[in-house]
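Please look over the model that follows and consider how its parts are packed against each other.

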Amino acid sequence: MTNGMHLKLADLIACGAIAVFGIAALMIGLDYQLGSLRSMGPGFFPVASAILVIVLSAATAYETYRAEPVARDVVWRPIIFVSLAIIVWTQLVDRAGFAPAMVALIFISSLAKSPFRPVSLLFMTVFLIVAGWAIFILGLGMPLTLFGR
Amino acid sequence: MLDTLTNLGLGFKTALSLGNLTFCALGVTLGTFVGVLPGIGALATISMCLPLTFYLDPIPAMIMLAGIFYGAQYGSSTASILLNLPGSAPAAITCLDGYPMAQQGRAGIALFLTTIASFVGGTFSILLMVGFAPALADVAISFSSAEYFSIMVLALVAASTLSNGSVLKGITMVAVGLMLGLVGTDISSGSQRFTFGLIDLSEGISLVALAMGLFGVAEILSNLMRNEHPTVDAKSITFRSMIPSREDWRRFWPASGRGSVIGAVIGILPGTGPTIATFISYAAEKKIARDPSIFGKGAIEGIAAPESANNSSVQAAFIPTLTLGIPGDAIMAVMLGGMLIHGITPGPQLINNDPVLFWGVVASFWIGNIFLLILNIPLIGLWVRLLTVPYHLLYPAMLFFIVIGVYSVHNSSFDVLMTLGFGLVGFAMMKFDFPAAPLLLGFVLGPLIEEHFRRALILARGDITVFVDRPVSLGFLLATLIVLLAAIGPVRKIFRRLLKRRSVTTNINE
Amino acid sequence: MKLNLTRRVFTATATALAMSAALPAVAQTEYPVKPVRIIVPFGPGGLADITMRLAAEKLTEIFGQQFVVENHPGAGGVAAANQLLSSDPDGHTLVVMSNGTTIAVSLFEDLGYDPQTQFAPISTLAWFDLGIFVSPDSEYQTLQELVDYGLANPGYINIGTVNPGSTQNLAAEYFRAATNIDATIIPYKTSPDILAAMIRGELDMAIESPTAFAAALENEQVRALAITGAKRNPSLPDVPTVMEAGIEGYEVSGWNALWTLDGVPDDVIAALHAAIAEIAVMPDIQARFAELNTRAESLTPEEMAARFESDRLIWAQVIEDAGIEKR
């Protein structure tokens, strides 16, 4: 039973997160002019949508509270490495170029799950970079450089 | 009637010339490939190819650019089915039933059926264009803001039932989508909303970043946490395994037909776009299904209807562009610009002033659709082989295409970070059973609803009854009311009974 | 290394220097020593982008160095301005700022840059008009008829324009103030949306550029009542200007101009100005601009600064009168 409550807590926190999102939006939205029916201001829809989000998240929380608890496991390793891979990519692509950014993306992200197979990864990376360079830079003329800025 | 036939003959004569055929094939092939790639889409490709077509005659130029556009719609469902990674936002809905089909070993059948569905949808709108283009365009632009508002509200209410599970969670996600759609410059006042002073947000959140995050990155994360990955044995991919069964076909045709009609209706309306068309057609299938629980588990109807709607809407979008010179979206605006550079003025006079161009281009659409059929069916075997790649190699490659695809839209690293952010949010949503599809539709519809609601009220000088005074608008609002009532328990029972009776009669008719 | 200028520019520069006696005599700077970036605050394909690309080709020929156009779109031209502000004041980074900037300085609470103090004007390049359009079957044959009707029927007239804060939109506010009509301005997302609304009969008039309505004019889906520029538009010779139509002092012209960072050596600015002045009168440039329904004309840095200030004052007043909230 305690375990059930514990599981429900996670779900309730999820609903709470949505509610916080709605409340934050409402606070910001109230700064915008509401206007009148004749000339509606930029604030009307944000406020209305934010209230909708808050009310619905409360209703969902009630629904969750009434429902049977469900176990929801999270493994952090994929989240960390995939996030890191994408963040590093965005930092490298405009500075170091397309190729180094992609090498970083592929190798960092591949740490998210075993097995880590550097040799086959390397082959694939070379293939993808050549193909990507041909499609995106040569073919579609994207303003990227293979190496450097 | 005879006139139309003569004109069509003229059109086919033009479109079937060797040069035009070549450019048509070139366009649709290019389109298919950019369609398969996530993120990078028809708009970027057409914008980049436009300067190249300045050296061509106007007819092959138009044929090629148009080919890229509708070709991309054929390709966009491929990755949705195989990898749960939509090639473009409209194809996100195809993930819902296409990916489960692939997991059941029916990827070949799904790809085969979506190709046929695309062909059916495209053909349907081409026939509409041949028969009734000017009349339809007139009807489409007679829709004022009040009508747009009401039709979008209907779409929004339908959206909440897109996914399985809790309806309440679906509606909550619609609301969150509405909220996210408000980020950026407000069209009606010019104010910046929820941009936190960031220039990158002044044009709003990128639809591609949102779709790729919620569907692509979130799916990768969730897959990485599973222990086994269903890989397909290369030997099991035979031509026979791609052929749909009799039962598949029986379920396919009516859904494809309904999808085509919904796609055409939405496609003709300027400013709507294929994402709305695919999502609505899916919602409609689910609403009328005798057993809605089959959706999300590999229902044929769930891929047939949206894919038909996708191509039908894209092809129908040419109707207002060619006959009135009013482009419905950014892609059509680029095409229109291309025509103007070639000295062609799309508009009411185009059919009379330049029948060779008009009918040639229309005929080429159909030829292009046949090309796409010939191109895509043999490709299915090749695509399905993608599933034999071990997942530890596949997911870094998917991330490769996601980041570069998202980046390509605005050449923006910020958008790629947003994709990651939405990926994490999408993953959390998956974990807690909050569906992503309603959020995406809320995001697309929200700004349209606001824009038209506010404009309708300005035009009516603040008189809210404008929405019920106009008969078409009233009709859509009444339909919305019926959908809402049908969602309430006791009323639903009555509806079910009525629907059952109707479906029995249709069975007898068959 | 010697001054890296072709003979043509050198003469042009010399002439410019001779003509403007006010310019202080300074040592000649080596320019350009590397490719020059031209930052355009709009996406590719628009009028500012196309005209600047045409000019960039010519600048490349004249200076023998690449002039590369980069698009950095974003609200208020902030993204483009930031590119310039983060560059060195050596004239190798230029920015295009338009009449839209004269609006933005008053419209934004804090734009983050001030072209009048932080930038140095080089030259204007493209000039374009706006038009006042009505439906072809509209009962108004002249602008005066429309104004008279509007005055007699307060709250009746609907004016369609694109997004609030655009030159078109403020030109409509300006029109409302100049004529004292109680009209309603209806914002639309794109000019095709306005065209559709016009065909539907939703609008009494629209303010839009004749370039955006080129196809619609040809299709006779709209009719031009007046042109907002100081002079008649060569492609619509029968259409009077708003001033000719009886609204005194009403002039709205769009322009795109080239700026660089304040602190760039005067001789570099003079060389760039001379080159643009030369490009503006080239027959092929004039012809291409005419096709785009725009006009090439170079103003001197002093004239340009004065024009900026006078436009800024007009828009500041319009924004205040219309009660538009700052962003």
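The questions below concern this predicted model.

Q: Which helix of chain B supplies the largest share of the side of domain 1 of chain B that touches domain 2 of chain B?
A: Chain B is divided into domain 1, residues 2–469, and domain 2, residues 470–510, and the contact between them takes 14 residues from domain 1 of chain B and 12 residues from domain 2 of chain B. On the side of domain 1 of chain B, both α7 (145–159) and α20 (466–469) of chain B supply at least two residues each. The largest share there, 8 residues, comes from α7(B).

Q: Which helix of chain B gives the most residues to the largest nonpolar core?
A: The largest nonpolar core holds 260 residues, and B:V403 and B:L440 are the members that touch the most others in it. Leaving aside neighbours within four places in sequence, B:V403 is in contact with B:V416 and also with A:I86, A:W89 and A:L105 of chain A. With 18 residues, the helix that gives the most to this core is α6 (residues 107–142) of chain B.

Q: Is C:Q317 buried, partly exposed or exposed?
A: C:Q317 is found in helix α12 of chain C, which covers residues 301–322. A residue counts as buried with 20 or more other C-beta atoms within 10 Å and as exposed with 12 or fewer. Because C:Q317 has 13 other C-beta atoms within 10 Å, C:Q317 is partly exposed.

Notes:
Residues are numbered from 1 along each chain as its sequence is written. Chains are lettered from A and ligands numbered from 1 in the order in which they are written. This is a predicted model: local features need pLDDT of at least 70, side-chain atom pairs count only at pLDDT 80 or more; totals for chains, interfaces and linings use all residues. Helices (H or I, at least four residues) and strands (E, at least two) are DSSP runs, numbered from the N terminus. Domain bounds come from an automatic or database domain assignment. Two residues are in contact if their C-beta atoms, placed from the backbone, lie within 7 Å. A nonpolar core is a set of buried Ala, Val, Leu, Ile, Met, Phe, Trp, Tyr and Cys residues joined through C-beta atoms within 7 Å.
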